[in-house]
Amino acid sequence: RTKQYISKFYVMQSNLKSLSLQMQTMKTSHDMGVAMGKMTKAMKRMNKKMNATTINKIVRDFEVENEKAQLTEEMMGDAIGEAFDDDATEEEEEKIVQQVLDEIGVSMMGDVEKAPDTAIMSSAAPETEKQAVAAGGGGGGS
């Protein structure tokens with residue numbers, strides 16, 4: 001008999017929990033409906049206050065002005081680029097630098113010796129090479 005009462009109690013308890021969940025679901029659905037109704041009213045008020053044609057005109061005007069600004073920026077960039085990126089100016093600069101170097105007696109390529117194309121030898125180099133370097137025969141200075 002006690003087992004029957006315990007079993008009925010569990011069934012009743014699960015039925016109550018089920019009802020509680022169903023009521024909670026219904027309340028949530030009701031609250032969602034109320035919120036949607038309020039949102040619909042707010043959207044209707046905003047539609048009455050907003051003029052779609054005026055907003056479209058503003059957007060079109062903005063697009064036109066933005067395009068003008070981009071064209072102006074591009075033209076200014078091109079003009080500045082042409083003013084500062086002149087090939088003749090670069091050639092003149094090279095000539096002036098070369099004249100200055102010639103006057104002070106510096107040659108950019110004349111004093112540089114040819115770099116060796118053989119592999120660098122290890123520390124066990126022949127004794128004759130070491131003597132030649134020590135005597136000043138293999139150095140790259142002036």
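**Exercise 1.** Sort Lys-57, with its relative accessible area of 47%, into buried, partly exposed or exposed.

*Solution.* Start with the cut-offs: buried is under 20%, exposed is over 50%, partly exposed is in between (1.4 Å probe, protein chains only). Lys-57 has 47%, so Lys-57 is partly exposed. Now try Asp-61: at 39%, Asp-61 is partly exposed too.

A quick word on the model: it's predicted, so local features need pLDDT of at least 70 and side-chain atom pairs 80 or more, while totals for chains, interfaces and linings use all residues. Numbering runs from 1 along each chain as its sequence is written, and side-chain values use heavy atoms, without hydrogens or water.

**Exercise 2.** Find the salt bridge partner of Lys-57 and say where the pair sits.

*Solution.* Look for a Lys or Arg side-chain nitrogen within 4 Å of an Asp or Glu carboxyl oxygen. Lys-57 pairs with Asp-61, their closest N and O atoms being 3.1 Å apart. Next, place them: both lie in helix α2 (residues 52–84), four residues apart, about one turn of the helix. (Helices are DSSP runs, H or I, of at least four residues.)

**Exercise 3.** Count the salt bridges in the structure and describe the others.

*Solution.* There are three salt bridges in total. Besides Lys-57 with Asp-61, Lys-27 meets Asp-31 at 3.0 Å, N to O. These two are four residues apart in helix α1, so about one helical turn separates them. Lys-27 is exposed at 52%, whereas Asp-31 is partly exposed at 37%.

Then comes Glu-65 with Lys-68, at 3.7 Å, N to O. Glu-65 and Lys-68 are three residues apart in helix α2, so again about one turn separates them. Both are partly exposed: Glu-65 at 47%, Lys-68 at 46%.
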